[in-house]
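The following report describes how strands pair in one model and what surrounds a few selected residues.

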Amino acid sequence: MLNHILKIALLFIFLALLISATPGMQQAKVKKIVSGTIIETEINGKIQKVKLIGVETIAKIDGKNVENSENQTVLYIKKHLDGKSVKLTTDSKLPDKDKSGNLLRYVYFGKNKFFNLFLIKQGYALADTKVAFNSIAKF
């Protein structure tokens, strides 16, 4: 029984190492939540703002402004990402940065949970499909 548990533990360690070494994945630590679509991260000792690909905060419903939706989104992102390590990936259909100099990235947290999509599925954001990107079908 102990031998079986040891084998499973080693398998999980191997998978974790394999995932962390996936090409294109970049480790980062979330330092601050700037808005419902932008987080500030530390990547290799350098502070970088990251724009969540495919995410748009809810500003209007039925043509009326939704005052607290941005604040609720920011609080929700803080709950899940603030101070935590995440993995970032690029999208080959998009430039590396937006016009404001923010890195354009997909964010993965926890056990490789796709945060961009998670935020939308939880109702804290909408899919921003104005620009084509590789994961648009998931959104």
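In this predicted model, strand S3 (residues 46-52) and strand S8 run parallel and are joined by three bridges. Within that pairing, valine 50 has leucine 103 of S8 as its bridge partner. S8 also pairs with strand S7 (residues 85-89), here in the antiparallel sense and over three bridges, and in this case threonine 89 has tyrosine 106 of S8 as its bridge partner. A further antiparallel pairing, over two bridges, links S8 to strand S9 (residues 113-114), where phenylalanine 109 is matched with lysine 113 of S9.

The burial of S8 can be read residue by residue. Strand S8 covers residues 103-109, and because seven of its seven residues are buried, the strand is largely enclosed by the rest of the structure. In a regular strand the side chains alternate between the two faces of the sheet. In S8, Leu103, Arg105, Val107 and Phe109 point one way, whereas Leu104, Tyr106 and Tyr108 point the other way, and all of them are buried.

Phe109 also appears among the contacts of a helical residue. Histidine 80 is found in helix H2 (residues 69-81) and, leaving aside residues up to four places away in sequence, touches Phe109, Phe115 and Phe118. Is histidine 80 buried or exposed? With a relative accessible area of 17%, histidine 80 falls under the 20% limit and is therefore buried.

The hairpin of S8 and S9 has three residues between the strands, and in it glycine 110 takes a positive phi near 55°. Asparagine 112 is found in the loop between these two strands, S8 and S9, and its phi is near 60°, a positive value in a residue other than glycine. The relative accessible area of asparagine 112 is 26%, so this residue counts as partly exposed.

Strand S2 (38-43) precedes the loop in which asparagine 44 is found, a loop that leads on to S3. S2 pairs with S3 in the antiparallel sense over six bridges, and isoleucine 38 has lysine 51 of S3 as its bridge partner. The two strands S2 and S3 form a hairpin with two residues between them, and asparagine 44 in the turn has a positive phi of about 50°, although asparagine 44 is not a glycine. The relative accessibility of asparagine 44 is 76%, so the residue counts as exposed.

S2 is joined as well to strand S1 (residues 26-33), by four bridges and in an antiparallel arrangement. Here lysine 29 has glutamate 42 of S2 as its bridge partner, and S1 and S2 form a hairpin with four residues between them. Because five of the six residues of S2 are buried, this strand is largely enclosed by the rest of the structure.

The strand pairings described above are gathered here, each with one bridge pair.

| Strands | Sense | Bridges | One bridge pair |
|---|---|---|---|
| S3 and S8 | parallel | three bridges | valine 50 and leucine 103 |
| S7 and S8 | antiparallel | three bridges | threonine 89 and tyrosine 106 |
| S8 and S9 | antiparallel | two bridges | phenylalanine 109 and lysine 113 |
| S1 and S2 | antiparallel | four bridges | lysine 29 and glutamate 42 |
| S2 and S3 | antiparallel | six bridges | isoleucine 38 and lysine 51 |

Two further residues have contacts with parts of the chain that are distant in sequence. Serine 85 lies in strand S7, and its C-alpha atom is separated by 5.7 Å from that of alanine 28, although the two residues are 57 residues apart along the chain. Which residues does serine 85 touch, not counting residues up to four places away in sequence? They are Gln27, Ala28 and Lys29. Since its relative accessible area is 51%, serine 85 is exposed, the limit being over 50%.

Glycine 24 has its place in the loop between helix H1 (2-20) and S1. Glycine 24 and aspartate 91 are 67 residues apart in sequence, while their C-alpha atoms are 9.5 Å apart in space. Leaving aside residues up to four places away in sequence, glycine 24 touches Leu88, Thr89 and Thr90. With a relative accessible area of 53%, glycine 24 is exposed.

Key
Residues numbered from 1 in each chain as written. Predicted model: local features only at pLDDT ≥ 70, side-chain atom pairs only at ≥ 80, totals over all residues. Heavy atoms only, no water. Buried < 20%, exposed > 50% of the residue type's maximum accessible area, 1.4 Å probe, protein only. Contact = heavy atoms within 4.5 Å. Pairing = 2+ DSSP bridges.
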